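Dear colleague,

I am passing on the structure we spoke about, which you will find just below. Please read the notes after it with the model open beside you.

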Amino acid sequence: MQFEIDNSHRLQFQPLDLPQRLLLGPGPSNPHPRVLSAIGEGVVGHLDPAFIALMSEVQELLRYVFQTNNELTIPVSGTGSAAMEASIANLVEPGDVVLIAINGYFGERLAEMAGRYRADVRTIQKPWGEFFSLDDLSRALEQHKPRILGLVHGETSTGICQPMDGIGNLCREYNSLLLVDTVASLGGVPFFTDKWGADIVYSGSQKCLSCPPGLAPITLGPRAVEKLQGRKTKVANWYLDLTLLTKYWGSERTYHHTAPINMIYALREALFILAEEGLEASWNRHRQTAEYLWDGLAEIDLTPLVPYDHRLVSLTTVQVPQGLNAKEVSNRLLKEYNIEVAGGFGPLAGQVWRVGLMGYNSRIECVDQLLAALKAITSN
Ligand SMILES: Cc1ncc(COP(=O)(O)O)c(C=O)c1O
């Protein structure tokens, strides 16, 4: 051999050994066991007829979950942020006025991304933990007349669920496209893409869809597709360019990038499980489990941050009582009980815990485990 191999990075590792956690934070959530089995299936080629059939099934099941007839409905390779970036990269052309409604961290991320694609970014802001009224949005649309209005349906940083009634119609009046983040809500909270007139909607696999992180569903309605097709400039992100991706996901089946095959199996199984249960039943289950949590919290004198009517059922922000250290409690939950919950950040740092009951983890026994652990910790 010409050179001697450098073994300095070849440490003596042990075989993989991971703790079994109950993931009750803002995501990822524990995947459904059937989804984990599906991931272990043998790999087939990304142009294998069997895989192509599966791709179409995934698209059809996504249409069901999004409640849309949009042809352009696919899972983007990557996490929720990849679909967020896909929506911005594909719909924004330099100089477009893009209005982002910011009432938490993920609205800020949307604005940051839009700026990077050289949008003329305008914002309408609310304190973290509040939502936008139709009047708020109407005034901002009148003032800015944006090409796109972006907002977050389920704001994971605050636990707010943005009411959607009327926003789609308002956007049509101003000839604006409505872009909605449903990363923390899709599958767990009612969402009607077509009926609500949402033009671009995206999500992530790892929350209410009971899948590991790694895929990010997105759907574009006819008005968004028209804007995409009418672009004067190329989409500035090759990997997320929907004009190329749809050649693989559409009838041409042209190679773009190698699909993450086993993650597509996982998503297919997760969506199949959701379709077996039925969307309405899933939404009801998420609400009932959240209500059970809220009742249990009241019994140990813990209070959600968000008023009842606007709580995101998949993610509850729980106020940290005076005298308790949020971080210490979540550390003990993890170390002593194998339960993950998250703390707050930004303006809510140290003030809340973020408790997710998403997808497969939206079950009474998960809440019971958490409440028993919280009770034990907060009482000593
Ligand atoms: C509302 C919301 N949007 C976007 C994202 C970004 O998704 P990811 O972390 O999967 O990239 C998240 C992740 O927590 C989220 O909760």
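What follows describes the cavities, one residue in a loop, and the aromatic and charged side chains.

This is a predicted model, in which local features need pLDDT of at least 70 and side-chain atom pairs count only at pLDDT 80 or more, while totals for chains, interfaces and linings use all residues. Residues are numbered from 1 along each chain as its sequence is written, and side-chain values use heavy atoms, with hydrogens and water left out.

There are 3 cavities of 30 Å³ or more, a cavity being a set of points, on a 1 Å grid over the protein atoms alone, where a 1.4 Å probe fits but cannot get out, and its lining residues having an atom within 4 Å of a point. Grid points are joined across faces, edges and corners, and a volume is the space filled by probe spheres set on the points. The largest cavity has a volume of about 50 Å³, and its lining consists of L297, V318, L333, V341, W353, V355, L370 and L374. The second largest, of about 40 Å³, is lined by P75, S77, L245, Y248, W249, H257, A259, P260 and I264. Helix α8 gives the most to this second lining, with 3 residues; helices (H or I, at least four residues) and strands (E, at least two) are DSSP runs, numbered from the N terminus.

Two of those lining residues, Y248 and W249, also form an edge-to-face aromatic pair, with 6.0 Å centre to centre and 70° between the planes. Rings of Phe, Tyr and Trp (its six-membered ring) pair if their centres lie within 6.5 Å, and planes under 30 degrees apart count as stacked, over 60 as edge-to-face and the rest as tilted. Both Y248 and W249 are buried, where buried means under 20% relative accessible area, exposed over 50% and partly exposed in between (1.4 Å probe, protein chains only).

V92, in the loop between α3 (80-91) and β3 (97-102), counts as buried because its relative accessibility is 2%. Not counting residues up to four places away in sequence, V92 touches V98, Y117, A119, I148 and R231, contact meaning heavy atoms within 4.5 Å.

Finally, the charged end of R363 sits over the ring of Y360, 4.0 Å from its centre, and R268 lies over the face of F272 at 5.0 Å from the ring centre. A charge sits over a ring if NZ of Lys or CZ of Arg is within 6 Å of the ring centre and within 35 degrees of the ring normal.

Best wishes

Key
1 Å grid on protein atoms, 1.4 Å probe; cavity = no way out; pocket = protein on both sides within 12 Å on 5 of 7 lines; lining within 4 Å.
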